[in-house]
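Biologist: I am new to this structure and would like a close look at a single part of it. Please choose one element, follow it from end to end, and then explain what lies around it.

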Amino acid sequence: LVDIGESIDAQTFKFVESALLDIRETTQLSCGERKQGFEVAFLVLAEPIGLLNEDDAVAAARLLMDHWGVGAAACDNGVTMLLCLGDRKVGIFAGRGSKSRLTQPARKAIISEMLGLLKRD
């Protein structure tokens with residue numbers, strides 16, 4: 001969890017960080033001879049970066065995955081989430097191994113809920 005600009009309060013930061021660890025522990029995938037959970041990276045940006053729509057946000061989340069090297073290459077279990085407060089956009093990109101549980105409808109539901117929370121603030 002990286003919060004550039006420290007946009008979220010300490011209590012929320014700890015809650016999200018704990019949730020990300022829980023995801024890793026509860027999403028065990030077969031990865032060769034062992035099991036491994038999702039590796040999730042979450043970036044929060046306070047300032048706008050010019051995201052125009054959801055597709056831009058997902059593309060940025062994919063670039064983030066590649067740049068940070070999220071997930072194990074053998075099982076492609078990475079997930080990146082991008083919350084851009086300045087643009088009021090959310091993007092989630094899941095590696096192939098993660099898509100078995102984090103389906104497109106599930107990602108869209110998460111994005112929709114997060115966008116709803118952004119509109120209230």
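Modeller: What follows is a walk along helix α2, and then outward to its surroundings.

The model is a predicted one, in which local features need pLDDT of at least 70 and side-chain atom pairs count only at pLDDT 80 or more, whereas totals for chains, interfaces and linings use all residues. Residues are numbered from 1 along each chain as its sequence is written, and side-chain values use heavy atoms, with hydrogens and water left out.

Helix α2 covers residues 54–68, where helices (H or I, at least four residues) and strands (E, at least two) are DSSP runs numbered from the N terminus. From its first C-alpha to its last, α2 with its 15 residues reaches 21 Å, which is close to the 21 Å expected at 1.5 Å a residue, the expected span being 1.5 Å times one less than the number of residues. At the N-terminal end the cap is N53, with a side-chain oxygen 3.1 Å from the backbone nitrogen of D55; a polar contact is a pair of N or O atoms within 3.5 Å, where within protein one must be able to donate a hydrogen and the other to accept it, and residues adjacent in sequence count only if both atoms are side-chain atoms. After α2 comes G69, whose phi is positive, near 70 degrees.

The two sides of α2 can be told apart by burial, where buried means under 20% relative accessible area, exposed over 50% and partly exposed in between, with a 1.4 Å probe and protein chains only. A57, A61, L64 and M65 are the buried residues of α2. They cover an arc of only 100 degrees around the axis, so they sit on the same side of α2, the arc being that of the directions from the helix axis to the C-beta atoms. The face turned away from this buried side carries the exposed residues D55, L63, D66 and H67.

Strands β4, β5 (78–84) and β6 (89–94) are among what covers the buried residues of α2. One link of this kind can be followed through M81, which is in contact (heavy atoms within 4.5 Å) with L64, and also with others including F42, G91 and I110, once neighbours within four places in sequence are left aside. M81 is also, together with F42, V79 and L83, one of the residues with the most contacts inside the largest nonpolar core, which has 17 residues. Such a core is a set of buried Ala, Val, Leu, Ile, Met, Phe, Trp, Tyr and Cys residues joined through side-chain atoms within 4.5 Å. At least two residues of this core come from each of α1, β4, β5, β6 and α3. In soluble globular proteins, nonpolar side chains tend to be buried together.

Helix α2 also takes part in a salt bridge, defined as a side-chain nitrogen of Lys or Arg within 4 Å of a carboxyl oxygen of Asp or Glu. The partners are E54 and K108, whose closest N and O atoms are 3.5 Å apart. Because E54 lies in α2 and K108 in helix α3 (residues 104–120), the pair ties together parts that are 54 residues apart in sequence. E54 counts as partly exposed at 30% relative accessibility, and K108 is partly exposed as well, at 41%. A search of the whole structure finds two salt bridges.
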